[in-house]
Amino acid sequence: MMTEGYIRPKELELGSLLGRFFLLLFLMMIPLAGAACSDGESLPFSPGTVSTSTSADLRISIAGMFTPKETYSIYSELLDYIGEKTGRSTILQQTGSYSSVNDLLARKETDFAFLCSGGYVEASHHMGLVPLVAPVVNGQPLYYSYILAREGSGIQKFEDFRGRRFAFGDPLSLTGTLYPMSRIRLAGYGLENFFGDYIYTNNHDNSIKAMMEGVVDGTAVDSFIFDYLKARNPASVAGLVIIEKSQPFGSPPIVARPGLPKDLRDQLIQVLVGMQDDPKGREILTQLGIERFVQVDESLYESVEQLEAEMTIRQ
């Protein structure tokens with residue numbers, strides 16, 4: 001059950017039967033890190049922490065897009081660091097979709113969440129979320145949607161994807177779904193008469209793997225994740241080219257659930273913003289592929305709100 005007053009976003013179409021077959025076949029071959037966790041299952045990372053949370057625990061949800069799933073272990077280091085600095089046990093709540101994280105926030109079953117910017121804006125329409133901090137990369141708390149194709153495919157611009165196979169990410173993903181959807185509308189088409197086939201992979205890692213395996217001809221992904229992989233595991237994106245880069249959007253925020261006491265919000269802000277001044281904190285930031293966290297507010301996400309408004313007008 002969802003909290004009264006929160007409306008789950010309408011799920012987008014799953015694509016043709018062929019697209020769903022490709023996705024099912026493909027996902028069966030991919031061992032996902034953390035796949036043993038069921039939807040909403042809590043994992044303890046601080047010493048002595050158990051799965052049953054108490055009022056002293058900090059429950060933290062991650063929407064599966066902040067860093068590649070291959071770096072799953074880094075989350076444990078970040079949560080342990082937060083626990084050490086706050087004096088509280090931390091519990092990681094891993095869910096299967098961005099909307100599931102929003103549901104946890106709405107039900108007040110998590111305290112903090114790492115959200116996609118699109119998921120944050122969607123949830124902010126239905127509940128009073130407070131963005132606390134956002135990651136800085138290349139000097140600014142901004143990121144982009146990268147439209148990817150393969151070298152030698154003949155695809156040089158977004159319109160060249162007409163009649164081809166395309167992979168979206170999570171239905172609430174700004175960079176993986178909302179932005180490429182807006183490009184379809186801008187080109188004067190609808191979803192069903194633009195691509196030859198399409199699938200939803202639910203996260204950026206799978207979208208990139210779908211490209212590398214030849215399941216699709218194009219995809220759209222979070223610039224943080226693509227740049228991270230290109231720098232640290234170039235073979236995982238070899239042969240993929242960025243044919244389009246979106247306008248800048250506010251970086252994915254860390255948010256507090258509605259009603260969380262102000263002292264807890266302020267404590268987490270202090271810990272995350274202060275990581276850059278602490279040797280251990282800087283090491284974790286480096287592993288995450290970001291420079292620092294900075295405090296943010298709703299104004300950082302106005303460009304996301306504008307994109308959603310434009311999509312509504314074009315419908």
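This dialogue explains how to read several features of the predicted model shown above.

Student: What should be known about the model before reading any values?

Tutor: The model is predicted, so local features need pLDDT of at least 70 and side-chain atom pairs count only at pLDDT 80 or more, whereas totals for chains, interfaces and linings use all residues. Residues are numbered from 1 along each chain as its sequence is written, and side-chain values use heavy atoms, with hydrogens and water left out.

Student: How many helices and strands does the protein have?

Tutor: Helices (H or I, at least four residues) and strands (E, at least two) are DSSP runs, numbered from the N terminus. The protein has 10 helices and 14 strands.

Student: How is burial defined, and what share of the residues is buried?

Tutor: A residue is buried under 20% relative accessible area, exposed over 50%, and partly exposed in between, with a 1.4 Å probe and protein chains only. Of the 315 residues in the protein, 54% are buried. A contact requires heavy atoms within 4.5 Å. Among contacts between residues at least 6 apart in sequence, 81% join residues at least 24 apart.

Student: Which strands form the open sheet, and in what order?

Tutor: Two strands pair if DSSP finds at least two bridges between them. The open sheet has 5 strands in the order S9-S8-S10-S7-S11, with mixed pairing. S9 and strand S11 (240–245) are the edge strands, each with a single partner, so one side of each is left without a neighbour in the sheet. On average, neighbouring strands of this sheet are turned by 30 degrees against each other, direction ignored. Within the sheet, S8 and S10 pair in the parallel sense over 2 bridges, and alanine 167 stands opposite threonine 219 in S10.

Student: Which strands do helices H6 and H7 touch?

Tutor: For angles, axes are lines fitted to C-alpha atoms, for helices over the stretch in contact, and the values run from 0 to 180 degrees between N-to-C directions. H6 packs on the sheet and touches strand S7 (145–150), S8, S10 and S11, with its direction at about 150 degrees to that of S10. Helix H7 (residues 223–232) also packs on the sheet, where it touches S7, S10 and S11; the direction of H7 makes about 95 degrees with that of S10.

Student: How is a pair of aromatic rings described?

Tutor: Such a pair is described by the distance of the centres and the angle of the planes. Rings of Phe, Tyr and Trp (its six-membered ring) pair if their centres lie within 6.5 Å; planes under 30 degrees apart count as stacked, over 60 as edge-to-face and the rest as tilted. By this rule there are 17 aromatic pairs. One of them joins phenylalanine 161 and phenylalanine 166, edge-to-face, at 5.3 Å centre to centre and 75 degrees between the planes. Phenylalanine 161 is buried, at 0% relative accessible area, and phenylalanine 166 is likewise buried at 0%.

Student: Why is the pair of phenylalanine 168 and phenylalanine 195 classed as it is?

Tutor: Their ring centres are 5.8 Å apart and the planes stand at 75 degrees, so the pair is edge-to-face. Phenylalanine 168 lies in strand S8 (residues 165–168) and phenylalanine 195 in the loop between helix H5 (174–186) and strand S9 (197–200), so the pair ties together parts that are 27 residues apart in sequence. Both phenylalanine 168 and phenylalanine 195 are buried. Ring pairs link a cluster whose members include Phe161, Phe166, Phe168 and Phe195.

Student: Where does lysine 245 lie in relation to tyrosine 144?

Tutor: A charge sits over a ring if NZ of Lys or CZ of Arg is within 6 Å of the ring centre and within 35 degrees of the ring normal. Lysine 245 lies over the face of tyrosine 144, at 4.1 Å from the ring centre.

Student: How many salt bridges does the structure hold, and which parts does the pair of glutamate 84 and lysine 280 link?

Tutor: A salt bridge is a side-chain nitrogen of Lys or Arg within 4 Å of a carboxyl oxygen of Asp or Glu. The structure holds 11 of them. In one, the closest N and O atoms of glutamate 84 and lysine 280 are 3.1 Å apart. Glutamate 84 belongs to helix H2 (residues 72–86) and lysine 280 to helix H9 (residues 279–288), 196 residues apart. Glutamate 84 is partly exposed at 49% relative accessibility, as is lysine 280 at 42%.

Student: Which residue forms a salt bridge with arginine 165?

Tutor: Aspartate 217 does, with the closest N and O atoms 3.3 Å apart. Arginine 165 lies in strand S8 and aspartate 217 in the loop between helix H6 (204–212) and strand S10 (218–222), so the pair ties together parts that are 52 residues apart in sequence. Arginine 165 is partly exposed at 26%, whereas aspartate 217 is buried at 14%. Elsewhere, Arg59, Asp111 and Arg257 are linked in a network of salt bridges.
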